[in-house]
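Hi everyone, thanks for coming. Today I'd like to walk you through one structure, taking the place where two chains meet and then a word on cysteines.

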Amino acid sequence: MIHSKKKRNMNLIIGGTILLFFLTIMVISFFYTPYDVNKIQVANKLQPPSSAHWLGTDKFGRDTLSRIMTGTQTAFFVGAVVVVIGLFFGSIIGGLAGYLGGWFDEIVMRFIDALMAFPGIILAIMIVAVFGTGITDTALALGVLATPSIARIVRSGFMQNKDLDYVVAARSIGVSPLRIIFKVIMPNIYSQLIVAGSVAFAGALLAESSLSYLGLGVQPPDPSLGRMLSESQEYITDDPWYALAPGLTITFIVLGFYMLSNGLRELTDRRS
Amino acid sequence: MRKYVYMLLAIAAMTFLMAGCSGHSESQQSGKPKKDITVRMMADPDFLDPHKATASLTFQMMLNVFEGLVNPAPNGGIEPGVAKSYKMSEDGLTYTFKLRPGIKFHNGDPVTVQDVEYSFDRLTGKSTGQPLSSSLAAIIKSVTAPDDQTIVIKLKKPYSPFLTELTAVDAAILDKKNDAKQNTHPIGTGPFKFVEYKPENKLVLEKFDDYWKKGVPYLNKVTFSYQPDDDAAFMSLKSGNLDLTSVPAHKVDEIKNAFNIIPQNSNAVFLMGFNNAKKPFNDVRVRQAINDVVNKQDIIDAAFSGHGSKLGSHMSPAMGKYFDKSTVGDYQPNVKKAKQLLKAAGYSNGFSMTITVSSHSPVYSEAAQVIVEELKQIGIHAKINVIEWAKWLDDVYKQKDYEATIIDFTGKLSPFDTLSQYRSNDPENMMNFSDEKFDTLMSQILNESSEDKRVALYKQAQEELSQQAPAVFICDYQTEWALNKQFTGFTKYPIYYLDLAHIKPAK
Amino acid sequence: MAYILRRLVFLCLTLVFISIITFLVFRILPGDPVQIMLGPDADPARITAVRHQLGLDQPLFEQYIHLIQGFVKGDLGESLRFSMPVKTLILARLPLTFSLALMSLVIVVFVSIPLGVLAAIRKNSWGDIILSSITQVGMAIPTFFVGMLLMILFGSMFRLFSPGGYIPWGESFFGALGSLLLPALTIAIPQIAVCFRYVRNEILEQTTMDYVRTARGKGATERATLFKHILRNSLIPVLTVFGLILAEVIAGTIVVEQVFSLPGIGTLLITSVSGRDFPVVQGLVLYIAFVVVCINFIVDLLYRVLDPRIRLK
């Protein structure tokens with residue numbers, strides 16, 4: 001893409017604003033929510049949005065706004081764990097494969113290709129079946145799933161860099177391979193890593209909500225945006241707002257991360 | 001030019017979208033009464049072979065195909081089936097059955113005493129050594145045929161609920177000649193014959209013209225259409241793709257004018273069971289305290305949209321005369337009393353516990369969420385652990401590795417089977433409950449030949465359960481059936497059985 | 001040729017690897033298929049008898065070897081839950097999932113390519129900006145939420161389609177089209193977004209190439225330049241994206257079949273995992289992986305055929 005230097009990086013600005021908004025909401029939710037998130041008032045159930053309940057109530061009569069606020073905690077937590085796991089293992093595996101090349105690279109890449117040919121949601125279901133459900137288990141399972149694609153990106157970054165002059169120079173003065181991988185090459189692909197990380201964050205949110213939607217992700221009473229959606233499905237014709245609130249929240253957070261990653265990419269493209 | 005391109009695109013997109021809309025044609029507008037019915041199938045049958053099948057949802061469909069020596073009756077008792085009549089000896093050890101003359105299998109074979117012998121042999125594993133029913137194998141001593149119209153079954157010891165175990169649910173009569181194909185192409189004597197089954201798609205039955213009861217069935221064809229999802233089934237019902245289905249309680253108002261709505265007590269017991277062998281639940285005061293704080297109505301409202309009846313013990317009102325109404329009011333929400341009980345048991349500061357529930361239906365975790373909130377009032381901090389059904393069966397049901405769990409037990413014809421799992425030595429005693437008084441009552445029932453006295457004993461047993469509180473007996477949820485107005489004749493049974501033989505065109 | 005051979009070997013290795021993963025996962029999965037099938041009320045004697053009959057009393061490793069031996073001979077084994085050949089089960093569901101995938105793909109192609117071209121031609125126009133923003137949102141919406149939104153819109157507001165319930169092609173052509181349209185649209189929407197952006201960017205990139213300037217310099221009309229030169233060259237890279245999109249579409253059918261409760265491959269897969277029906281899961285997972293790997297392979301080959309520069313290497 002070609003951008004004039006003057007053009008503002010709208011992706012970065014809008015994406016950043018959206019994320020900042022939801023991050024603020026998440027931080028607030030640690031100290032304050034309009035109602036107790038788990039307080040059940042069956043008599044008050046399925047209320048449409050009102051001044052008392054801005055986003056209405058769910059089928060237990062719980063306040064949807066409070067639950068969405070707390071739900072962003074889950075979303076960001078799962079996303080963060082997934083990104084940390086994915087980046088950590090992804091850069092080790094991808095870095096070694098890309099730097100060493102040869103048969104090691106071949107085996108690792110075939111392994112990764114095979115994992116990527118496996119329907120991801122099924123792999124997630126199987127991992128969850130083994131390790132159980134819940135926030136941490138879901139995050140770990142999704143982290144494992146995010147690793148291959150990050151490893152791929154890191155590997156191609158290494159392939160591009162490993163024969164460049166600065167690496168050859170480092171090698172010739174006897175710097176150890178591990179040091180070259182992490183201290184010499186890695187800093188040069190940081191920008192790719194950041195982009196990959198924010199894409200993985202968005203992917204993790206989508207995957208978490210899919211798993212929770214299928215009943216296999218985050219479990220009650222922990223609020224999860226995906227589960228709120230699946231709970232709302234049976235009321236979708238009569239009480240559409242019940243589904244809209246969590247659905248739009250997921251969409252906007254994911255959108256925020258996508259725009260952020262596009263913005264970051266533009267930023268690095270422009271620099272180079 | 002470009003404007004045209006945009007417009008063309010828009011038009012093309014619209015036509016494409018609309019192409020699928022006109023598809024729905026209502027074919028039943030002709031004057032003839034509708035004689036084919038489409039019924040929702042919520043889950044696949046576990047086995048078509050009735051001797052292997054166990055799931056209640058299987059029998060809900062297949063009781064239209066199979067019959068036992070006796071059949072379930074709408075009021076909860078039994079009525080003659082393959083046997084025209086039956087007689088029990090004074091000592092309760094010998095049962096004599098007379099075969100119904102002229103009765104035929106779906107393939108035209110006459111039902112013979114050899115077929116009955118074959119069926120019981122298969123169930124008790126007499127000749128193979130591998131029984132398919134351990135309960136029948138444990139009570140039946142011999143099955144003989146003195147002549148070609150008579151069957152004599154001898155028991156090892158008196159077993160008063162024996163006749164209720166002879167319906168097709170436990171002991172269907174099968175054609176000996178069909179031995180190799182009982183599971184792929186089942187043949188019975190019921191009002192409908194099996195035509196085809198496609199997994200996760202449909203199961204088709206057709207009218208059996210030679211059915212022994214004259215005049216039934218009224219319908220020509222029954223299609224059970226696989227529809228695991230409540231919402232999708234509801235949409236299908238409204239669009240005319242389904243004629244009979246259960247609908248979520250909160251949707252009833254929307255369709256009550258367009259369909260016949262038939263509420264039915266499911267004869268299920270929805271409960272939160274404790275692991276009675278595990279601390280602190282081995283203390284009856286703790287169990288009673290929890291019973292005192294759980295508001296059953298809240299759970300019925302939250303998980304079943306208010307459509308359920310509160311229970312006090314392990315028996316639903318659907319069981320008629322056996323049901324002990326007095327237990328329902330035994331526990332009323334009373335935080336103060338609950339706190340006292342906990343204090344007496346040494347838990348004045350409460351404790352932490354885990355409620356393990358299965359994910360295969362949302363009602364379990366919904367009920368759990370309500371209970372967790374209510375337990376907070378007496379200082380009990382409960383955590384919900386939702387696991388897969390497969391894991392639940394393994395961990396909770398088989399290994400009994402849990403503290404508390406929420407589950408429902410579907411109805412049985414015999415009140416004895418309904419209560420038997422609370423006996424100390426019962427293999428299905430998943431709650432590790434052990435109470436001497438209850439055990440004595442149950443063995444008294446087995447030997448009691450007077451029906452009236454048995455009813456009294458059943459009621460005592462229910463009261464004992466209520467007092468000992470091995471579980472919080474929450475409710476029997478109602479099933480709301482919606483039937484196309486072109487049909488009538490829905491008959492209710494206290495077990496999972498959709499009697500399609502008696503459903504007929506409305507006019 | 002050597003390349004094709006290498007890819008074929010890789011294909012086999014991938015399948016072996018996937019089958020081993022599935023097996024290992026099933027080894028540690030808790031749950032007994034027979035108990036799940038019969039439920040908690042099951043008679044212990046019946047469970048034993050059924051386990052024996054299904055060969056489940058043998059060690060899992062032996063069952064696996066047995067299954068693999070069958071695979072080599074082209075036999076996928078028999079389902080534990082349905083006592084039916086796995087092949088029959090898969091074949092019965094294939095038409096639904098296949099038509100669903102195909103319909104989504106058709107929608108993706110016919111919507112995203114023209115829109116992408118238009119947006120590129122009128123770069124930075126309002127239409128372009130609006131389309132580009134919509135597609136960003138399209139990528140961010142969870143698939144099942146798209147499905148739910150479509151249900152709200154079409155299912156209840158217009159009562160146009162028949163959500164819930166699949167009508168086979170054999171029964172009624174329009175009925176089948178109607179029952180699959182919403183699900184297909186659900187799968188297609190995020191992919192339209194991906195494909196649109198790709199087409200638009202690719203065309204924009206090609207526009208700056210020297211050959212375009214040459215063509216224009218030679219006096220070719222804007223339309224001729226676009227259709228004869230730019231479009232042709234930019235669709236080759238788009239083809240590679242199609243491999244990815246197809247894989248996504250296949251994965252998408254799994255979730256979307258749940259949302260609309262359609263009895264397809266995805267539903268079978270999910271119910272088989274929760275029913276611990278190992279032969280079916282093994283067969284399905286291998287089948288899906290096989291299709292995905294093959295598609296990538298074919299796309300690769302096509303790419304080589306279409307782009308002379310790669311052929312030269």
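**Where chains B and C meet**

Let's start with who touches whom: 50 residues of chain B are in contact with 54 residues of chain C. Please keep in mind that what you see is a predicted model.

How much area is buried between chain B and chain C? It comes to about 4,600 Å², and carbon and sulfur atoms give 61% of that. If you wonder about the choice of number, the size of an interface is often given as the accessible area lost when the parts come together.

Next, the charged pairs. Between chain B and chain C there are 4 salt bridges. One of them joins Arg81(C) to Glu200(B), and the closest N and O atoms of that pair are 3.8 Å apart. The two chains also share 11 residue pairs in polar contact, counting pairs with both residues at pLDDT 80 or more.

Now look at chain B's side of this contact. Four helices, α1 (2-19), α4 (134-139), α6 (230-238) and α12 (389-398), each supply at least two residues to the side that touches chain C. And what kinds of residues make up that side of chain B? They divide into 23 nonpolar, 13 polar and 14 charged.

**A word on cysteines**

A disulfide is a covalent bond between the sulfur atoms of two cysteines. How many disulfides are there over all chains? The count is 0. As for individual cysteines, Cys475(B) has a relative accessible area of 0%, so it counts as buried. Over in chain C, Cys195(C) is buried too, with 0% relative accessibility.

Methods: Residues are numbered from 1 along each chain as its sequence is written. Chains are lettered from A and ligands numbered from 1 in the order in which they are written. This is a predicted model: local features need pLDDT of at least 70, side-chain atom pairs count only at pLDDT 80 or more; totals for chains, interfaces and linings use all residues. Side-chain values use heavy atoms; hydrogens and water are left out. Contact means heavy atoms within 4.5 Å. Buried area is the accessible area (1.4 Å probe) that two parts lose on being put together, summed over both. A salt bridge is a side-chain nitrogen of Lys or Arg within 4 Å of a carboxyl oxygen of Asp or Glu. A polar contact is a pair of N or O atoms within 3.5 Å; within protein, one must be able to donate a hydrogen and the other to accept it, and residues adjacent in sequence count only if both atoms are side-chain atoms. Ala, Val, Leu, Ile, Met, Phe, Trp, Tyr, Cys and Pro count as nonpolar, Asp, Glu, Lys and Arg as charged, and the others, Gly among them, as polar. A disulfide is a pair of cysteine sulfur atoms within 2.5 Å. Buried means under 20% relative accessible area, exposed over 50%, partly exposed in between (1.4 Å probe, protein chains only).
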